[in-house]
Amino acid sequence: MPTLLARNAEVLVTMDGGRRELKNAGLYAEDGIIRQVGPTAELPVTADVVIDLAGQICLPGFVNTHHHLNQTLTRNFPGAQNNNLFPWLKTLYRAWARTDEEASRASTLVGLAELALSGCTTVFDHSYVFKNGNNVDCQIEAARELGMRFHASRGSMSLGESKGGLPPDDCVEEEPAILKDSQRVIERYHDPSVGSMTRIVLAPCSPFSVSAALLKESAAMARHYKVRLHTHLCETLDEERYTLERFQRRPVDWMETLGWLGDDVWFAHAIHVDDDEIARFAATGCGAAHCPCSNMRLGSGIAPIKKYMAAGVKVGLGVDGSASNDASNMLLEARQAMLLARLRLGLLPPEGPRKYMFLSPSHPIRSEEWMTAREALELATIGGAGVLGRTDIGSLEPGKCADFFTLDLETIGYAGALHDPVAAVLFCAPQQAKTTVVNGRIIVRDGEIVTMDIRPVIAHHNRCAARLREG
């Protein structure tokens, strides 16, 4: 039984029920499971692997609840730099459809490695373009090789332009093939056990790229196999206009008619919602993946995250696609979530006749309305675990998986900010993880990926990206 001891952390952020922050502390794990958390003096003195965390802050591994790893191939893509969602998608659909298995594996490794370097240990990936030999299998194999905890989706697009959808007809799949492969992937890979490294999610892409029939049948299959459901929803006003014109319903109302509100469902973005829809999410247990950088990049809007939190809606963070964010950095995402929630608060309509309320001494904001650094870190850790339906990750406490990362506090980026090291993690510029551990295995050591040589992967990835661009 392999053992691991991490000790001497300047601060250890548990995210446990008491939200304890321990000084000069660490943890001890056996076979990838935490057995003890506390002051260094109270921990065992030896283990198979010992990590000295002196001068570092230790946090639970971040949980990424929405990503498109294959999109690392189309970052900063010509013609898609200055568009909102619908024209951005139409620019990129055919490039994504040319992604083959070789390119998909490379993009998965690059995206996961970048996430690990930002403190991420669990990743949900929303893959939905399966043409040209692309498949879920190569992504799962890549995640296993790197050592990341991976929730893979068998996503789908079936509604081409000729049937009223947004994607070109040559980028979508036939629905019988989608459902057959969805069943295959679940039966082959889904592991519901405690500490599982691989789980499967069924994830039709969006209201404007799949049929009502596929949404219903995907939900039925997911509930038969007890896997979770995911899709994009309420991301833009264009989407809202689409469902109003096509179905005479707002997006949430339409999804409710298809059986897509429940505690096994979470939606990406969920920006354009009203108070009644927030209440329905809370009542049914639906979760939301907040993607602040992508929402800003595409001009989609600002999600009402503090309203979600106040209502009891499960909320996690997602970096979203690397082509709509151009980074796979969860620490950056948590910082932007904190800042964007504050911006939204400053733009809320006032009670009086003025159009907008900006922060001023005459209109003070109550402290509980602000998004704090610690709240944003909760979204990135225990919040994301709840969205993915996991009780074995998201915090550092006995019985949980040994998933954590550290940041070096003795760097120029934190100079002058150490009166509150926990808040400094988000108020200061995002730093690279010094150590990242997944399931008790070191993935990042001294700021470098150690489970594989990532340099040739990057070079190969760039060649694959160039092929897509040339096409």
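Helices are taken here as DSSP runs of H or I that span at least four residues, numbered from the N terminus. In the predicted model, helix α6 covers residues 237-247, and Arg-241 and Asp-238 both belong to this helix, 3 residues apart, so about one helical turn separates them. The side chains of these two residues form a salt bridge with an N to O distance of 2.4 Å. Arg-241 has a relative accessibility of 43% and is classed as partly exposed. Asp-238, at 24%, is also partly exposed, because the buried class is confined to values under 20%.

In total, the structure contains 31 salt bridges. Side chains of opposite charge can pair when their charged atoms come close. Glu-161 and Lys-90 provide one such contact, with 2.8 Å between N and O. Glu-161 is located in the loop between β9 (149-156) and α4 (175-189), whereas Lys-90 is part of helix α1 (residues 85-97); the pair therefore ties together parts that lie 71 residues apart in sequence. Both partners are partly exposed: the relative accessible area is 42% for Glu-161 and 43% for Lys-90.

A further salt bridge links Arg-374 to Asp-420, with the closest N and O atoms 2.9 Å apart. Arg-374 sits in helix α12 (residues 373-387) and Asp-420 in the loop between β16 (404-408) and α13 (421-427), so this contact ties together parts that are 46 residues apart in sequence. The relative accessibility of Arg-374 is 31%, which places this residue in the partly exposed class. Asp-420 is likewise partly exposed, at 26%. Elsewhere, Asp-137, Arg-154, Glu-173, Asp-181, Arg-184 and Arg-188 are joined into one network by salt bridges that share partners.

The analysis of open space was carried out on the same model. Rolling a probe the size of a water molecule over the atoms shows where empty space is left. The second largest pocket has a volume of about 200 Å³. Its lining comprises 13 residues, and those nearest the pocket centre are Thr-72, Leu-73, Arg-75, Asn-462 and Ala-465. Helix α14 (residues 454-470) supplies the largest share of this lining, with 5 residues. When the lining of the second largest pocket is divided by class, 6 residues are nonpolar, 5 are polar and 2 are charged.

Methods: Residues numbered from 1 in each chain as written. Predicted model: local features only at pLDDT ≥ 70, side-chain atom pairs only at ≥ 80, totals over all residues. Heavy atoms only, no water. 1 Å grid on protein atoms, 1.4 Å probe; cavity = no way out; pocket = protein on both sides within 12 Å on 5 of 7 lines; lining within 4 Å. Points joined across faces, edges and corners; volume = space filled by probe spheres on them. Helix = DSSP H or I, 4+ residues; strand = E, 2+ residues; numbered from the N terminus. Nonpolar A, V, L, I, M, F, W, Y, C, P; charged D, E, K, R; others polar. Salt bridge = Lys/Arg side-chain N within 4 Å of Asp/Glu carboxyl O. Buried < 20%, exposed > 50% of the residue type's maximum accessible area, 1.4 Å probe, protein only.
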